[in-house]
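User: Hi! Could you walk me through this structure with some questions and answers?

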Amino acid sequence: MADTVQYRLERMTDELDDLERRGLFTRAELSDVVRKRRDFEYRLRRHSPLRQDFLDYIAYELRLDSLRNLRKRAIIRAAADEDDEPRDGARSSDDEEGGGRKRKKKDKSKKKWKKSVSDVAGVLRVLDIYRMATVRFKGDLDLWFRYLEFCRDKKHGRMKQVLAQAIRFHPKVPGLWIYAAAWEFDQNLNVAAARALMQSGLRSCPQSEDMWIEYLRMELTYLNKLKARKVALGEDVKTLQKNDKDSGQWKEENKELFMPLNEQDEDPKEPGLSGDALEEKEDLFWRQGLLIIQTIYQGAVEALPSSLTLRKKFLEILNSVDLAHSDELKLEVLDDLKRDFYHSEDYWDWLARLQLSNSNSSSNSNRKDAISNRLNRSIQVYDEAVRRLSNSKMYSLYAKFWMDVLYPDREDSITLFEDSEFDASEFTSSILKVYENAESCGCLTEDLACQYISLYLKLERLEEAKTLAEKLCDGPLSNAAKLWSLRASMEINSIATAPGSSSLSKENLSSLFDLFSTVLSKLSVTETEGLWHMAMKLFFHDKVFFEKLVKISTLSLSLAGGSDSGASVSSAIVGWYLQRDGMKHARKMYKRFLALPRPSLKFMQYCIELEANLASLGDHGALTNARRLYDSALDLYPQEREVWRNYYNLELKMGTSESANAVYSRARKVLGDSTALTAPRS
């Protein structure tokens, strides 16, 4: 290893001599550079070098080369300033001789600072370090891309070799193929090589949507470049433009600018023949371009027949480019989408929203009519969709569309309607009809029902919202916890905001308790955790209703077993008792819950924490209770290391050495691991 490091350092002597000869670095600075490079070389030559070792070495070399370049430019500027300063004393009478001396000095300065070994050594060393890093870490894609970016930034000739190596090691990574093709297309200006790379990548990664999209984008970009070339050459490119009236009119008005190369009189028939030939040539060019795009599209559909996203992106790209005669291909894509995805709800939602952007811009006077036409087309698509796919997802997408239209402050709102003259009340009946149809078809889910009721609340139709919630809770959605929670919130707010009601009366509390008892007795604690906390907060100050609520919770918690939701509810009940009646009643309540079948570990830890806090204040009875709780918890959950550790720490803080050693011995015996707890104190 030492011989290899010494050999690599000796290869740097020419570079170091050049740096010192040019005055870029002093001998002391170069000694420090050699020392640091030796340290890095030894780090790379150890048995298992780290990825960070290579990156640190590269970062150091880049900083060093940047400092060299900065000092070089500073010295060149200083030399140029000295040459421009006037000499002391009188000017020489011979100006030509003085100018000759000045030119000789400049030539000498240029000769002194021409490119030498130190100018390229830094880049070559970084490339060598990257090479060793990628040999060591062949599977690190980030390292490969750093290597490629460095070659591209420095415009080094090793770029092609590195690309080939990266692709050889990672042929199934679409990003590498795309990167290589983009470099050939944009930097190397080799369209044939870029096309060959994309086609090879598609053979290796036929299931990659990005590969197909980027291939199409590249071919369209190439067509646009050819179009620009034809314009620069003065050829007619009307078949590549969406509207060629303006360009034709401009050429007709400025025909004197297009002078013929031969000034002889031409046969009147020849311009027509040459025009036909040019038009035929342009048509051939357009047909070839369109054929390439159609081939890419057909290959993508064959490789990914079930990808809706791919075809949507194809259509977006076709709509964004200025390519004439592509309407036929767009219609083909739309027809294929309808044929292959008519059973997909996402397709119908996308198609309906697409109608909002398919209209041409109109004047302000006709803006309302234009928006109405777009909206009507979207509604027609949605109506056809719910006839074909009468399910809850389709109705959900339909309702979401209307909500995006009605409320522009939503995240996915449709900005087309923000500045228009429409009023949201104009569409209220339409969206309510969507919800009504979903209910009549049996497609009203829990989320749709909550949206249905929330819409009534936004429209300030509280009574209709309460009637609908009661109807749904007593009917097909009787097990929907979110719906019950919404209904309970509406009832509480309705009573609280009623005129002349400062507090809840017994009658109101009784009606609310009947509502809560119905749902809490019917559904599990896991589903109704939020409702339990709402009910406890509501009935906390009324002991009669709160005791009834605790009785209901006992049955529900016995069915919940050791779930976290059950622990949350039981801990909240104990906390309410502790806050209102003190620790004695809280201890009585948690013992009642612990007597249920298999109490939750989370709840037992909550009870232990209560007793441990009291024990830390000097309550010996609380310490005894905490020990009992720990023993009970470890009987049910003997493999919980955290419980053993907390028990042992409790004995260390508040118990004796004997009790701590006893817990330690039990833990080692049960867990079978001497490192589970820290060593006992002597």
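User: Happy to start with G566. Is G566 buried or exposed?
Analyst: Good place to begin, and please keep in mind that this is a predicted model. G566 has a relative accessibility of 6%. Buried means under 20% relative accessible area, so a residue at that value falls in this class. The class for G566 is therefore buried.

User: Which helix holds G566, and how far is its C-alpha atom from that of K602?
Analyst: The place of G566 is in helix α26, residues 564–581. Along the chain, G566 and K602 are 36 residues apart. In space, the separation of their C-alpha atoms is 9.4 Å.

User: Let's move to V386. Where is V386 found, and is V386 buried or exposed?
Analyst: V386 is found in helix α17, which covers residues 367–388. Its relative accessible area is 12%. The cut-off for buried is under 20%, so V386 counts as buried.

User: How far apart in space are V386 and V434?
Analyst: The two valines, V386 and V434, are 48 residues apart in sequence. From C-alpha to C-alpha, the distance between V386 and V434 is 9.7 Å.

User: What about T445: where does T445 lie, and how far is T445 from S396 in space?
Analyst: T445 sits in the loop between α19 (428–440) and α20 (446–458). With a relative accessible area of 29%, T445 is partly exposed. T445 and S396 are 49 residues apart in sequence. Their C-alpha atoms are separated by 8.8 Å.

User: On to charges. Which residues gather in the patch of positive charge on the surface?
Analyst: Two elements give two or more residues to this positive patch: α25 (543–560) and α27 (583–594). The members of the patch are K548, K551, K584, K588 and R592.

User: Which helix gives the most to the positive patch?
Analyst: R592, one of the patch residues, has its place in helix α27. At 34% relative accessibility, R592 counts as partly exposed. With 3 residues, the helix that gives the most to the patch is α27.

User: How many salt bridges does a search of the whole structure find, and which partner does R21 have?
Analyst: The search of the whole structure finds 46 salt bridges. In the one formed by R21, the closest N and O atoms are 2.7 Å apart. The partner of R21 in that bridge is D18.

User: How are R21 and D18 placed in their helix, and which of the two is buried?
Analyst: R21 and D18 both lie in helix α2, residues 13–21, and are 3 residues apart, about one turn of the helix. R21 counts as exposed, because its relative accessibility is 61%. D18 has a relative accessible area of 2%. The buried one is D18.

User: Which residues are linked with D18 and R21 in a network of salt bridges?
Analyst: This network takes in D18 and R21 themselves. The others linked in it are R22, D65, R68, K72 and D119.

User: Why are R131 and D128 separated by about one helical turn, and what is their N to O distance?
Analyst: R131 and D128 are separated by about one turn because they are 3 residues apart in helix α6, residues 117–136. R131 is partly exposed at 36% relative accessibility, whereas D128 is buried at 18%. Their side chains meet in a salt bridge with an N to O distance of 2.8 Å.

User: Which residue meets R339 in a salt bridge?
Analyst: This salt bridge has an N to O distance of 3.1 Å. The partner is partly exposed, with a relative accessibility of 23%. The residue that meets R339 is D340.

User: What is phi of L189, and where is L189 found?
Analyst: Most residues other than glycine have a negative phi. L189 has a positive value, near 55°. L189 counts as exposed at 64% relative accessibility. Its location is the loop between α9 (174–187) and α10 (191–204).

User: And what is phi of R598?
Analyst: R598 lies in the loop between α27 and α28 (601–615). At 48% relative accessibility, R598 counts as partly exposed. Its phi is also a positive value in a residue other than glycine, near 45°.

User: Lastly, which residues does UniProt list as "coiled-coil region"?
Analyst: The label comes from an unreviewed UniProt entry. In the model, residues 2–29 are 75% helix and 0% strand, with end C-alpha atoms 23 Å apart. The residues listed by UniProt are 2–29.

Key:
Residues numbered from 1 in each chain as written. Predicted model: local features only at pLDDT ≥ 70, side-chain atom pairs only at ≥ 80, totals over all residues. Heavy atoms only, no water. Patch = residues over 30% accessible without salt bridge, like charges linked within 9 Å, V, L, I, M, F, W, Y side chains within 5 Å. Areas by Shrake-Rupley, 256 points an atom, 1.4 Å probe, with all protein chains shown as cover. Salt bridge = Lys/Arg side-chain N within 4 Å of Asp/Glu carboxyl O. Lys, Arg positive; Asp, Glu negative; His and termini not counted. Charge placed at Lys NZ, Arg CZ, Asp CG, Glu CD. Helix = DSSP H or I, 4+ residues; strand = E, 2+ residues; numbered from the N terminus. Buried < 20%, exposed > 50% of the residue type's maximum accessible area, 1.4 Å probe, protein only. UniProt positions renumbered as here; feature names shortened; annotations may be inferred.
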